[in-house]
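Q: Please take a close look at one strand of this model and at what lies beside it, and then carry the description on to the packing elsewhere in the chain.

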Amino acid sequence: MRFEEEYDVVIVGAGPGGSIAAREFAKRGLSTLVIERRQEIGAPVRCGEGLGEVWMKKAELEYDPTWCLQEMRGAVLYAPNGKPVKIPTDNKGYVIERKMFEKKLAAQAIREGAQYLVKTQVYDVIKDEKGFVAGVKTKGGLLGARDFKAKLVIAADGVDSQTAKYAGINTFNPLSEVDSGYEYEMAGLKMDDPHMIHLYVGTEIAPRGYVWIFPKGKDTANVGIGIAGDNQQTAKHYLDKFIASHPEIFEKAGAYEEKGGCVPVGAPLEKPYADGLMIIGDAAHMVNPIHGGGMGTAMEAAVIAARIGAEAVSRGDVSEQALKPFADEWFKERGEQLKRVLKVRKFFEKLSDDDMNYLADVFINDTDLLLRFSDGDKFSSAVKLFAKHPKLALLAAKMLV
């Protein structure tokens, strides 16, 4: 393999966002290099591995049985008292095999002309005489220490992104705006419906978060938890406690993989760009603040970034002003919604278990409102509805503080 000294675009990170961006840039005829610090794309997995079909369509991905393992037809949300709220949906999704998924995305990008360099660490950015980001400095891997110049750099290197920081962008996540996650991949579970995801909430179950069971087959599943990053107990502590308290599901189950990681659940970066630089995915905090999902939003941002970025490179202008339309479009399409979702998350943080049990009784007869509310689409409508009920009026007051 021959690597050039300069590319039109260098992308740091070969996750879903990075590889979709690489595919799109390469399709437009731009020389594209993806630099990945892991020696194996897709591993280790730090993800619940749920992906809605709507996100696949946005990224122009077809159903592929090699990574679409189990079709999901809805969810069951369990209140702290155990009462289930069934949430069917016409928008199906899949529990995927992310290791294979990321490899397939990389293969797509390579077929379009992108190059990949794995097991290689970016340790700084290059800036030109105008102060524009103009490439990256790398070490390790196949080539050892090597500089790569670029007309445009894309930071897609995840929650612990360093590339944007090297460029002088503050991407700090306070612990209060980060969720700590832990997950087992298990076999031998007893599940009533392996085509529904199962979500459990409660202050004793998962403080400011939830436990999930994402089926991958009739008796296999990802069983995980996300909790506030500043909690004194670990996520593993709460997950083990949950599993031990549900022998009806886990009595004969065992884990064959363990995984953990952090998820940014605060507001997205207001300015995910700089001269010569665009930031996408977890690196730009483009994550749903309630459920922590970030694959879909990263791929959506990648498609927008590649279109705007390719136009900027072709014009020979990668200034902040030229790249700003990327952020404008992304915030219009997704970012403003995520801000509303953050407001909903902060509301849920104020609820007691009794409050959540009461809400479950309301939402059990109006799952559409639950879905729209959790997506930030009917926040004001929910406030007005809550204010009409003696108990919910107190919750409405909490929402307005």
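A: In this predicted model, a good place to begin is the pairing of strand β9 with strand β16 (residues 277-279), which run parallel and are joined by three bridges. Within that pairing, Val-153 is the residue of β9 that stands opposite Leu-277 in β16. Strand β9 itself spans residues 146-155 and is also joined to strand β1 (residues 6-12), again in the parallel sense, through six bridges; here Tyr-7 faces Ala-150 of β9. The pairing of β9 with strand β8 (residues 133-139) is antiparallel instead and rests on four bridges, with Gly-135 having Lys-149 in β9 as its bridge partner. Strands β8 and β9 form a hairpin with six residues between them, and in this hairpin Gly-140 adopts a positive phi near 85°.

From the strands one can turn to the nonpolar packing. The largest nonpolar core holds 78 residues, and Phe-25 and Phe-326 are the ones with the most contacts inside it. Helix α7 (residues 295-315) is the largest contributor to this core, giving 11 residues. Leaving aside residues up to four places away in sequence, Phe-25 touches, among others, Val-9, Ile-11, Leu-152 and Ile-154, as well as Ala-305, Ala-306, Gly-309 and Ala-310.

There is also a second, separate core, made of 24 residues, which includes Met-196, Ile-205, Ala-235 and Phe-250. Ala-235 is also one of the buried residues of helix α5 (residues 235-244), together with Tyr-238, Leu-239, Phe-242 and Ile-243. These five lie on the same side of α5, because the arc they cover around the axis is only 135°. Among the elements that cover the buried residues of α5 are the strands β10 (178-187), β11 (197-200), β12 (210-215) and β13 (220-228), along with helix α6 (247-250).

A last point concerns the cysteines. With a cut-off of 2.5 Å between cysteine sulfur atoms, the count of disulfides is zero. Cys-47 takes part in none, since its nearest cysteine sulfur, which belongs to Cys-68, is 13 Å away, against a limit of 2.5 Å. Cys-262 is likewise in no disulfide, and for this residue the nearest cysteine sulfur is that of Cys-47, at 14 Å. As to their surroundings, Cys-47 is buried, with a relative accessible area of 17%, whereas Cys-262 counts as partly exposed at 42% relative accessibility.

Conventions
Residues numbered from 1 in each chain as written. Predicted model: local features only at pLDDT ≥ 70, side-chain atom pairs only at ≥ 80, totals over all residues. Heavy atoms only, no water. Buried < 20%, exposed > 50% of the residue type's maximum accessible area, 1.4 Å probe, protein only. Helix = DSSP H or I, 4+ residues; strand = E, 2+ residues; numbered from the N terminus. Arc of directions from axis to C-beta. Contact = heavy atoms within 4.5 Å. Core = buried A, V, L, I, M, F, W, Y, C linked by side-chain atoms within 4.5 Å. Pairing = 2+ DSSP bridges.
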